[in-house]
Amino acid sequence: MRRCATWRARLWPPMPDLRFWRRRRRGADEPGAAAAPAREPRIRGRAAGLPYSKGRMAQTLMLSGFDAERAYVLSQLIEREVAALGAEEITIDELHQLVEGVLGREDTPSMLERYHGWHRVMHLDRPLVLLLGGATGTGKSSLASEVAYRLGINRITSTDAVRQVMRAAFAPELLPALHYSSFEAGDGLKIPMPDPDAGDRALFGFIQQAEQVAVGANAIIERAVMEGLSTVVEGVHLVPGLVAPERHHQAVVVQVMLVIADEEAHQGHFMLRDFDSGGTRAMERYLRRFGEIRRIQDYLIARADHLGVPVIEAGDPEHALVAVMDLILSRAGAGHIALR
């Protein structure tokens with residue numbers, strides 16, 4: 001019996017007091033052990049009162065213009081400031097004040113102002129409508145996607161999509177220009193031109209097509225204003241004067257014209273598109289009509305200069321992104337102040 005009791009004790013040792021395990025888990029039984037880190041404070045104003053997130057703060061700073069490495073360093077500093085408050089809950093406004101304090105000490109005034117501008121855009125009480133115009137191959141689609149991502153805009157529309165819908169509704173005999181690409185619209189002209197120059201014919205065909213597509217583009221803007229939803233519209237058909245931003249006082253409408261001044265850089269964009277699309281947007285077709293595309297760009301630049309629409313060099317996509325974002329932040333900030 002004594003031997004059985006010995007083996008039972010080896011196989012099933014007595015259970016220790018549960019309070020021992022609780023102390024062990026907290027580290028209270030180890031001399032000099034630090035207490036477990038306090039839980040991050042909840043941010044009042046976020047959905048479900050989510051706690052402060054260093055990763056989310058770094059993403060916010062990147063979206064407002066900081067590079068990834070700098071955004072992460074700043075988010076760490078902000079995390080320390082939040083922890084130093086020792087509060088279980090802080091408001092979203094208190095968090096923004098804390099962020100502004102860190103940026104004011106650690107970064108340049110221009111970056112602080114950019115953060116202010118981004119914050120104003122995210123809290124506009126009117127929809128933001130960005131109109132990105134430019135000739136074929138200037139990077140409008142890629143830039144539209146990047147800007148929409150940074151500003152949290154879910155709706156992106158292309159004037160090429162508008163043209164596709166319209167050409168399905170109207171027969172070629174009725175609106176022939178709609179059934180050609182923008183730089184090939186001159187091929188669809190049925191009336192003879194006074195000047196037989198092919199360049200003039202291509203430009204005249206594009207203008208005719210842009211006038212027709214502008215009807216749909218203006219309808220998209222009106223719909224966005226009516227629904228109160230921010231929208232990015234991009235396309236070659238956004239000719240200054242054919243779309244009328246000044247009519248839409250219930251929205252912040254920002255119109256931009258993208259250009260690529262260097263011809264070789266412009267041609268290089270078609271090579272990249274050919275590679276990225278796997279050949280579905282073959283560069284030979286665009287390079288064969290490159291003269292017409294450049295004439296259309298010259299026309300768009302002249303229209304933009306005449307009507308005061310900002311022209312942004314898009315040869316460097318990163319530079320173009322910063323320029324467009326800065327323009328949006330300044331325009332949206334001015335519109336926000338004017339409402340108060």
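What follows is a short back-and-forth on reading the sheet and the helix packing in this predicted model.

Me: Before we start, what should I keep in mind about the numbering and the cut-offs?
Reply: Residues are numbered from 1 along each chain as its sequence is written, and side-chain values use heavy atoms, with hydrogens and water left out. Since we're looking at a predicted model, local features need pLDDT of at least 70 and side-chain atom pairs count only at pLDDT 80 or more, while totals for chains, interfaces and linings use all residues.

Me: OK, the sheet. What is the order of the strands, and is the pairing parallel or antiparallel?
Reply: In general, strands of a sheet pair through backbone hydrogen bonds, either parallel or antiparallel. Here you have an open sheet of 5 strands in the order 4-5-3-6-7, with parallel pairing. Strand 4 (155–158) and strand 7 (311–313) are the edge strands, each pairing on one side only. On average, neighbouring strands of this sheet are turned by 25° against each other, direction ignored. As for terms, strands (E, at least two residues) and helices (H or I, at least four) are DSSP runs numbered from the N terminus, and two strands pair if DSSP finds at least two bridges between them.

Me: How many bridges join strand 3 to strand 5, and how many join strand 3 to strand 6?
Reply: Strand 3 (residues 128–134) is joined to strand 5 (residues 231–234) by 4 bridges, and L130 stands opposite V232 there. Towards strand 6, strand 3 has 7 bridges, with G134 opposite L258. Carry on to strand 7 and you find 3 bridges from strand 6, where V259 has E313 as its bridge partner.

Me: Which way do the side chains of strand 6 point?
Reply: In a regular strand the side chains alternate between the two faces of the sheet. In strand 6, V252, V254, V256 and L258 point one way, and V253, Q255, M257 and V259 the other. Strand 6 is mostly covered, with 8 of its 8 residues buried. Buried means under 20% relative accessible area, exposed means over 50%, and partly exposed is in between (1.4 Å probe, protein chains only).

Me: Which strands does helix 12 touch?
Reply: Helix 12 (residues 290–307) packs on the sheet and touches strand 3, strand 6 (252–259) and strand 7, its direction making about 140° with that of strand 6. Contact means heavy atoms within 4.5 Å. Axes are lines fitted to C-alpha atoms, for helices over the stretch in contact, and angles run from 0 to 180 degrees between N-to-C directions. Look at Y299, which lies in helix 12: leaving aside neighbours within four places in sequence, Y299 is in contact with L203, F206, I207 and V239. Y299 and A135 are 164 residues apart in sequence, yet 9.5 Å apart in space, C-alpha to C-alpha.

Me: And T159, is that buried or exposed?
Reply: T159, found in helix 8, is buried, with a relative accessible area of 1%. Its contacts, not counting residues up to four places away in sequence, are V213, V233, E234, G235, V236, H237 and L238.

Me: Now helix against helix. At what angle do helix 5 and helix 6 pack?
Reply: Two packed helices are described by the angle between their axes and the distance between the axes. Helix 5 (residues 92–106) and helix 6 (residues 109–122) pack at about 155°, axes 9 Å apart. That makes helix 5 roughly antiparallel to helix 6. The cut-offs: under 35 degrees is roughly parallel, over 145 roughly antiparallel, 65 to 115 roughly perpendicular, and the rest oblique. H96, V99, E100, L103 and G104 in helix 5 meet L112, Y115, H116 and H119 in helix 6.

Me: What about helix 4 and helix 5: how do they pack?
Reply: Helix 4 (residues 68–85) packs on helix 5 at about 125°, with the axes 10 Å apart, which makes helix 4 oblique to helix 5. R70, L74, L77, I78, E81, V82 and L85 in helix 4 meet L95, L98, V99, V102, L103, R105 and E106 in helix 5. That contact divides into 10 nonpolar, no polar and 4 charged residues. Ala, Val, Leu, Ile, Met, Phe, Trp, Tyr, Cys and Pro count as nonpolar, Asp, Glu, Lys and Arg as charged, and the others, Gly among them, as polar.
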